[in-house]
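This report introduces a protein structure to a reader who has not met it before. The sequence and the structure are shown first.

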Amino acid sequence: MQDETGSRGDERRSNDGLVPEIGARSEENPPVFNLPTGILVALALICGIYAIQQFLLSPALNQWVAVEFGFSPIRYLYPLDEQSFAWLWTPVSYSLLHGSFEHLAFNGLWLAAFGTPVCRRIGEVRFLLLWVVSSVAAAALHAFVNWGEPSLMVGASGVISALMGAACRFAFGERQRSLARLSGWQPPLLSVGQALADRTVRVFIIVWFLGNIAIAFGVPVLGGGSASIAWDAHIGGFLLGFFGFAAFDPHTGRHTRA
């Protein structure tokens, strides 16, 4: 999923309808880091923010940052004109904060794994837009499920769930699509029906939802407690990524060079 291979010239392959993209990376000049710039920037940002919180801020200031930039459903019970503008930015800013090193490391690994094919496909600008929109979608479902609760949510899990949903529309599936990716060609975006008809996608979605349903009922996941995991934000992000990815994808309906 992360490998890129170049090709020579701008020749068209009439047997499968693949269309080369101008300026493709050559095999002779492989990247030093096999991650798109957008993913490297996102990883640097969330890691840098966490480092600042842990090593530079006092406990009191760190708590202020969590309250002012973390997402809390209770904020929307009060008139918006009687509070700060935190209600406006927290549906996005919470996705840049993390509560522990384990939380950060786990999200960072999944961000690299699922964000790489998505960012490589849609580019940095669209990736940023997808991050913002999916963060809001995850926060919206979390607020709906926990309306009026004084909980505080931080973490990029909702965004990463959206990237997983988006990947289901093009990055999984049959052998022909896998060969297309390995040869450096972007497969066309699957429709929702086509994606659900693919066995690999169905199994992934079923397992993913079962895991989050287990979290919702308090079943320990990965050896830890599940009470503090925002499973509803995960689902909100995934649904946005799976059903809404076409709005961010510039390659809909055609094969292009990766």
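The text below moves from the whole chain to annotated spans, one residue and a surface patch.

The model is predicted. The protein contains 9 helices and 3 strands, and its elements follow the order β-α-α-α-α-α-α-β-α-α-α-β from the N terminus on. Of its 258 residues, 40% count as buried. Contacts between residues at least 6 apart in sequence join residues at least 24 apart in 76% of cases. The protein exposes about 13,700 Å², and carbon and sulfur atoms supply 65% of that area.

An unreviewed UniProt entry carries the annotation "transmembrane region" for residues 33–52, 127–145, 151–172, 203–223 and 229–248. Two of these spans are described in the table.

| Span | Distance between end C-alpha atoms | Helix | Strand |
|---|---|---|---|
| Residues 127–145 | 27 Å | 100% | 0% |
| Residues 229–248 | 28 Å | 70% | 0% |

F248 lies in the loop between α9 (231–244) and β3 (255–257). The relative accessibility of F248 is 11%, so this residue counts as buried, the cut-off being under 20%. Leaving aside residues up to four places away in sequence, F248 touches I122, R126, L129, L130 and V133. One of these partners, L129, is 119 residues from F248 in sequence, yet their C-alpha atoms are 8.0 Å apart in space.

On the surface, I206, L210, I213, F217 and V219 form a nonpolar patch with about 530 Å² of accessible area together. I206 belongs to helix α8, residues 199–216.

Key:
Residues are numbered from 1 along each chain as its sequence is written. This is a predicted model: local features need pLDDT of at least 70, side-chain atom pairs count only at pLDDT 80 or more; totals for chains, interfaces and linings use all residues. Side-chain values use heavy atoms; hydrogens and water are left out. UniProt positions are given in the numbering used here, feature names are shortened, and annotations may be inferred rather than shown by experiment. Helices (H or I, at least four residues) and strands (E, at least two) are DSSP runs, numbered from the N terminus. Buried means under 20% relative accessible area, exposed over 50%, partly exposed in between (1.4 Å probe, protein chains only). Contact means heavy atoms within 4.5 Å. Patches are made of residues with over 30% relative accessible area and no salt bridge: like charges are joined within 9 Å, nonpolar side chains (Val, Leu, Ile, Met, Phe, Trp, Tyr) within 5 Å. Accessible areas come from the Shrake-Rupley method with a 1.4 Å probe; for residues, only the protein chains shown count as cover. A salt bridge is a side-chain nitrogen of Lys or Arg within 4 Å of a carboxyl oxygen of Asp or Glu.
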